[in-house]
Amino acid sequence: MPADPQDAPKPRVRRTHLSLFVRDPEASAKWYEDVLGMEVTARGPQWVFLSFGKKHHDIALIRAEDGAAAGGLGLQHYGLEVEGDLDEWRRLYGMLLAKGVPVVKTTDHKIGFGLYFTDPDGNRFEFFHETVTDDEEGKRVLGLYGAPSEPVEIEPLRG
Ligand SMILES: [Fe+2]
């Protein structure tokens with residue numbers, strides 16, 4: 001007899017981390033330190049672990065097999081919800097441009113603004129500036145507008 005789904009354990013996720021295949025973990029780690037302000041917490045011959053400052057690791061970079069290429073399946077982007085006001089987000093935008101990081105797009109999500117960019121292997125990240133900070137209200141607005149993702153032009157702040 002199938003188990004009652006009510007009894008099935010439900011994961012109670014506290015925090016998350018991300019692990020990525022990259023061509024050159026040490027080279028990519030420098031980019032993660034430089035662009036995302038991360039710190040290396042552990043490394044081995046085939047990997048580097050990095051932290052945003054609190055946790056033992058938030059992102060792990062694992063050496064991919066030679067000739068590996070990113071495909072059409074798998075990770076679409078990893079969103080980093082950043083602290084600070086909109087101007088701080090605009091300064092991050094300016095920082096990406098100053099460092100020559102490819103910026104993909106800026107998007108209005110109604111609950112916040114997304115700034116999308118890619119790492120040296122083309123993995124896409126998002127600096128997410130929340131405008132609706134109440135989680136219940138965020139869920140309501142996201143549902144109401146059907147998870148909106150509209151292009152928006154916001155000027156980067158330099159310096
Ligand atoms: Fe996102």
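Q: What does it rest on when a protein is divided into domain 1 and domain 2?

A: Domain bounds come from an automatic or database domain assignment. In this predicted model, domain 1 covers residues 15-65 and domain 2 covers residues 76-159. Their C-alpha centres lie 21 Å apart.

Q: How many residues does each domain give to the contact?

A: Domain 1 gives nine residues and domain 2 gives seven residues. On the domain 1 side, strand 1 (18-22) and helix 1 (25-36) are the elements that each supply two or more. Helix 1 has the largest share, with five residues. Sorted by class, the domain 1 side holds six nonpolar, one polar and two charged residues.

Q: Let's step back for a moment. Which helices and strands should I look for along the protein, and in what pattern?

A: Follow the chain and you will meet β-α-β-β-β-β-α-β-β-β-α-β. That comes to three helices and nine strands. The C-alpha trace spans about 50 × 45 × 30 Å along its principal axes.

Q: How do I read a sheet, and what is the order of the open sheet of five strands?

A: Here is the general idea: strands of a sheet pair through backbone hydrogen bonds, either parallel or antiparallel. In this structure, the open sheet of five strands runs in the order 5-8-7-6-9, and its pairing is mixed. Strand 5 (78-81) and strand 9 (150-151) stand at the edges with a single partner strand each, so one side of each has no neighbour in the sheet.

Q: In which sense do strand 7 and strand 8 pair?

A: Strand 7 (residues 112-118) and strand 8 (residues 124-130) pair in the antiparallel sense, over seven bridges. To find one of these in the model, start at Phe113 and look across to its bridge partner in strand 8, His129. Helix 2 (residues 86-98) packs on this sheet, where it touches strand 6 (103-108), strand 7 and strand 8. The direction of helix 2 makes about 15° with that of strand 7.

Q: Where is Glu88 found, and is it buried or exposed?

A: Glu88 is found in helix 2. A residue is buried if 20 or more other C-beta atoms lie within 10 Å of its own, and exposed if 12 or fewer do. Glu88 has 14 C-beta neighbours inside 10 Å, so it counts as partly exposed. You can also trace from Glu88 to His129: they are 41 residues apart in sequence, and 9.1 Å apart in space from C-alpha to C-alpha.

Q: What joins strand 2 to strand 3?

A: A hairpin does, passing through two residues. Strand 2 and strand 3 (residues 47-51) pair in the antiparallel sense over five bridges. Within that pairing, Ala42 has Phe49 of strand 3 as its bridge partner.

Q: How many of the six residues of strand 2 are buried?

A: The number is zero, so strand 2 (residues 39-44) lies largely in the open. Helix 3 (residues 135-144) is hardly covered either, with a count of zero buried among its ten residues. Just after helix 3, look for Gly146, which takes a positive phi of about 70°.

Q: And what share of the 159 residues in the protein is buried?

A: Buried residues make up 19% of them. Another way to read the fold is through its contacts: among those between residues at least 6 apart in sequence, 53% join residues at least 24 apart.

Technical notes. Residues numbered from 1 in each chain as written. Predicted model: local features only at pLDDT ≥ 70, side-chain atom pairs only at ≥ 80, totals over all residues. Contact = placed C-beta atoms within 7 Å. Helix = DSSP H or I, 4+ residues; strand = E, 2+ residues; numbered from the N terminus. Nonpolar A, V, L, I, M, F, W, Y, C, P; charged D, E, K, R; others polar. Pairing = 2+ DSSP bridges. Axes fitted to C-alpha atoms, helices over the stretch in contact; angles between N-to-C directions.
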